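Visitor: Could you walk me through this model and show me how to read its features, one at a time?

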Amino acid sequence: MERYLVVIDMQKDFIDGALGSKMAQEIVPSVIKKIQGYKPGNVYATRDTHFGNYLETLEGKKLPVPHCIKGSDGWQIDSGVSAAMPEAKIFDKYTFGSEELAEALYQRSLAGEMEIELAGLCTDICVVSNALLLRAKLPGTVIKVDPGCCAGVTEESHRAALKTMEMCQIEILGQGQGNLDEDKGTAGKKVTAGKK
């Protein structure tokens, strides 16, 4: 069985830029270590991508903080994360979830049984969105999320997203059913900033 890792939006603007947070900064070493546990060709990644008209979009009206503008420094994947995944297939996405990513992994699933793990930012927006897209596209595939490799906008929304994914039969690593309080990752810690 092949194992695939999806690294969601580990970009500078979500780590130490426009929407960065201490919690996002703290997970960077764990995400790098996680990447190193996968075959280089089995790592996929997303990159949140906006343009100069961001503030005119629906998202921009609801979150009026320009971020991840294509080509900007904040749009780049963190240098340490990027160096750890030189062969990653990167999908630029213009909304929370990437249908292109889901289709690519679906095509890979046709070759045989697979397992998918997600890590990255933010648990409560883009991680959960992509996890649920993958669940819909690959209903029989094991999908996992490592809370210690994710950070949310707030403690409460991080925990709520983990619970939502758990209810949709996505395995939350390092904890038992209904045991989100004991998570060794970002749950239970205050996140003061975050993403869209």
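Guide: Gladly! Let's start with polar contacts: a polar contact is a pair of N or O atoms within 3.5 Å, and within protein one of them must be able to donate a hydrogen and the other to accept it. Keep in mind throughout that this is a predicted model.

Visitor: Then let me try the idea on Thr-49. Which backbone oxygen does the side chain of Thr-49 reach?

Guide: That of Arg-47, at 2.9 Å. The side chain of Thr-49 also makes a polar contact of 3.0 Å with the side chain of Trp-75. As for its place in the chain, Thr-49 sits in the loop between β2 and α3 (58-62).

Visitor: Is Thr-49 buried or exposed?

Guide: The cut-off for buried is under 20% relative accessible area. Thr-49 has 1% relative accessibility, so it counts as buried. Leaving aside residues up to four places away in sequence, Thr-49 touches Cys-68, Lys-70, Trp-75, Asp-92, Lys-93 and Tyr-94.

Visitor: Now the sheet. In what order do the strands lie?

Guide: The sheet is open and has six strands, in the order β3-β2-β1-β4-β5-β6, with parallel pairing. β3 (89-93) and β6 are the edge strands: each has a single partner strand, so one side of each lacks a neighbour in the sheet.

Visitor: How many bridges hold β2 and β3 together?

Guide: Five, in the parallel sense. One pair to look for is Thr-46 with its bridge partner Phe-91 in β3.

Visitor: And how should I follow the chain from one parallel strand to another? Let's take β4 and β5.

Guide: Begin with the pairing: β4 and β5 run parallel and are joined by six bridges. The chain goes from β4 through α6 to β5, making a right-handed β-α-β crossover. For a landmark, find Leu-121, which stands opposite Ala-151 in β5.

Visitor: How many bridges pair β5 with β6?

Guide: Two, again in the parallel sense. From β5 the chain passes through α7 to β6, and this β-α-β crossover is right-handed. Here Val-145 has Ile-172 in β6 as its bridge partner. While you are at β5, note that eight of its 10 residues are buried.

Visitor: How do I read a helix that packs on a sheet?

Guide: A useful general idea is that an α-helix has 3.6 residues a turn, so residues three or four places apart point the same way. Now look at α2, where Met-23, Ala-24, Ile-27, Val-28, Val-31, Ile-32, Lys-34 and Ile-35 are buried. The elements covering these buried residues include β1 (2-8), α1 (12-15), β2 (43-48), α4 (79-84), β4 (114-121) and β5 (142-151).

Visitor: Which strands does α2 lie across?

Guide: β1, β2, β4 and β5, with α2 running at about 135 degrees to β5. The helix α7 packs on the sheet as well: α7 touches β5 and β6, and its direction makes about 170 degrees with that of β5.

Visitor: Where does α2 bend?

Guide: At Val-28, by about 35 degrees. Look just beyond the bend in this helix (residues 22-36) and you find a proline, Pro-29, within four residues.

Visitor: Last topic: unusual backbone geometry. What is the general expectation?

Guide: Most residues other than glycine have a negative phi, and most peptide bonds are trans. Asp-9, which is not a glycine, has a positive phi of about 50 degrees. Asp-9 belongs to the loop between β1 and α1, and it is buried, with a relative accessible area of 0%.

Visitor: Which side chain does the side chain of Asp-9 contact?

Guide: That of Thr-46, in a polar contact of 2.7 Å. Asp-9 and Asp-78 are 69 residues apart in sequence, and their C-alpha atoms are 9.4 Å apart in space.

Visitor: Gln-169 has a positive phi too. Is Gln-169 buried or exposed?

Guide: Exposed, with a relative accessible area of 67%. The phi of Gln-169 is about 65 degrees, and this residue lies in the loop between α7 (155-167) and β6 (171-172).

Visitor: Which residues does the cis peptide bond join?

Guide: Leu-121 and Cys-122, with omega at about -20 degrees. Cys-122 is in the loop between β4 and α6 (123-137).

Terms used: Residues numbered from 1 in each chain as written. Predicted model: local features only at pLDDT ≥ 70, side-chain atom pairs only at ≥ 80, totals over all residues. Heavy atoms only, no water. Bend = angle between axes of the 7 residues up to and from the residue. Buried < 20%, exposed > 50% of the residue type's maximum accessible area, 1.4 Å probe, protein only. Contact = heavy atoms within 4.5 Å. Pairing = 2+ DSSP bridges. Right-handed = clockwise from strand over helix to strand, strands pointing away. Axes fitted to C-alpha atoms, helices over the stretch in contact; angles between N-to-C directions.
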